[in-house]
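Visitor: I am new to this structure and should be grateful for a close look at a single part. Would you kindly take one strand and describe its surroundings?

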Amino acid sequence: MFLYLTSGTPELMASLQKKYSKENMIVLYGQENAVLLHESMKKSVFASPRSYEIIREINTLDERGFFVLNHIPVISESQKIFEDRFFERIHTIEDEPGFIAFRLLRPLNDDVYISLSEWTGPHSFEAWKASKAYKEIYESEKPTEGVNRSNIFTSAPYVKTYISGRPEEDAL
């Protein structure tokens with residue numbers, strides 16, 4: 001399974017979703033732009049998407065939720081180490097209140113993985129970040145023998161958040 005991302009204005013992303021209504025697509029609205037997420041077993045309908053292989057998934061993505069995309073630059077030679085370490089830890093997220101779905105995305109054309117999680121809202125995500133499970137995973141991470149973090153990551157990760165479903169103006 002693959003996941004493709006393209007970005008642009010909210011109006012353009014909504015029109016593409018409507019045009020390809022038989023495809024599995026969700027429009028994500030951010031502060032600066034909108035992103036159209038396309039999950040598919042086949043080639044993307046987008047002209048120039050950011051393309052990823054879904055290597056771990058939990059549950060089905062929902063049309064309405066709060067999405068957190070954690071962009072993680074990984075050195076190509078260290079992808080296996082990164083993936084193995086990630087797989088060991090991610091299962092703890094499933095039992096968190098407000099958790100909806102998860103995807104670990106391996107990049108097809110660059111070195112930036114995406115850890116995509118969907119929550120019922122930003123408060124659920126923030127509550128998870130304050131939880132014991134989160135601290136055990138991220139803050140008390142024990143180094144793997146013979147593995148130096150600087151040999152895995154090319155730069156610091158960064159997070160972008162989005163909501164699905166049209167922001168407040170839809171309610172008008």
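Guide: The account that follows concerns strand 6 and the residues around it. The model is a predicted one.

The setting comes first. The chain forms a closed barrel of eight strands in the order 1-3-2-8-5-7-6-4, with antiparallel pairing. From one strand to the next, the twist averages 35°. Helix 1, residues 10–19, packs on the sheet and touches strand 1, strand 2 and strand 3. Strand 6 itself covers residues 99–107, and Phe102 is found in it.

Phe102 has a relative accessible area of 0% and is therefore buried, since that term applies under 20%. Leaving aside residues up to four places away in sequence, Phe102 touches Arg56, Glu57, Ile58, Phe86, Ile90, Ser115, Leu116 and Ser117. Trp119 lies 17 residues from Phe102 along the chain, and the C-alpha atoms of these two residues are separated by 9.2 Å.

Attention now turns to charged residues. Side chains of opposite charge can pair when their charged atoms come close. The count of salt bridges in the model comes to eight. One of them joins Glu39 to Arg103, with the closest N and O atoms 2.6 Å apart. Because Glu39 lies in strand 3 and Arg103 in strand 6, this pair ties together parts that are 64 residues apart in sequence. Glu39 counts as buried at 8% relative accessibility, and Arg103 is buried with a relative accessible area of 2%.

Arg103 also forms a salt bridge with Glu57, where the closest N and O atoms are 3.9 Å apart. Glu57 belongs to strand 4, residues 50–58, and Arg103 to strand 6, so this pair ties together parts 46 residues apart in sequence. Glu57 is partly exposed, its relative accessible area being 40%.

A further salt bridge is that of Arg106 with Glu83, whose closest N and O atoms are 2.8 Å apart. This pair links distant parts of the chain, 23 residues apart: Arg106 is in strand 6, and Glu83 is in helix 2, residues 79–90. At 23% relative accessibility, Arg106 counts as partly exposed, whereas Glu83 is buried, with a relative accessible area of 8%. As for Glu39, Glu57 and Arg103, salt bridges that share partners join these three residues into one network.

Notes. Residues are numbered from 1 along each chain as its sequence is written. This is a predicted model: local features need pLDDT of at least 70, side-chain atom pairs count only at pLDDT 80 or more; totals for chains, interfaces and linings use all residues. Side-chain values use heavy atoms; hydrogens and water are left out. Two strands pair if DSSP finds at least two bridges between them. Helices (H or I, at least four residues) and strands (E, at least two) are DSSP runs, numbered from the N terminus. Axes are lines fitted to C-alpha atoms, for helices over the stretch in contact, and angles run from 0 to 180 degrees between N-to-C directions. Contact means heavy atoms within 4.5 Å. Buried means under 20% relative accessible area, exposed over 50%, partly exposed in between (1.4 Å probe, protein chains only). A salt bridge is a side-chain nitrogen of Lys or Arg within 4 Å of a carboxyl oxygen of Asp or Glu.
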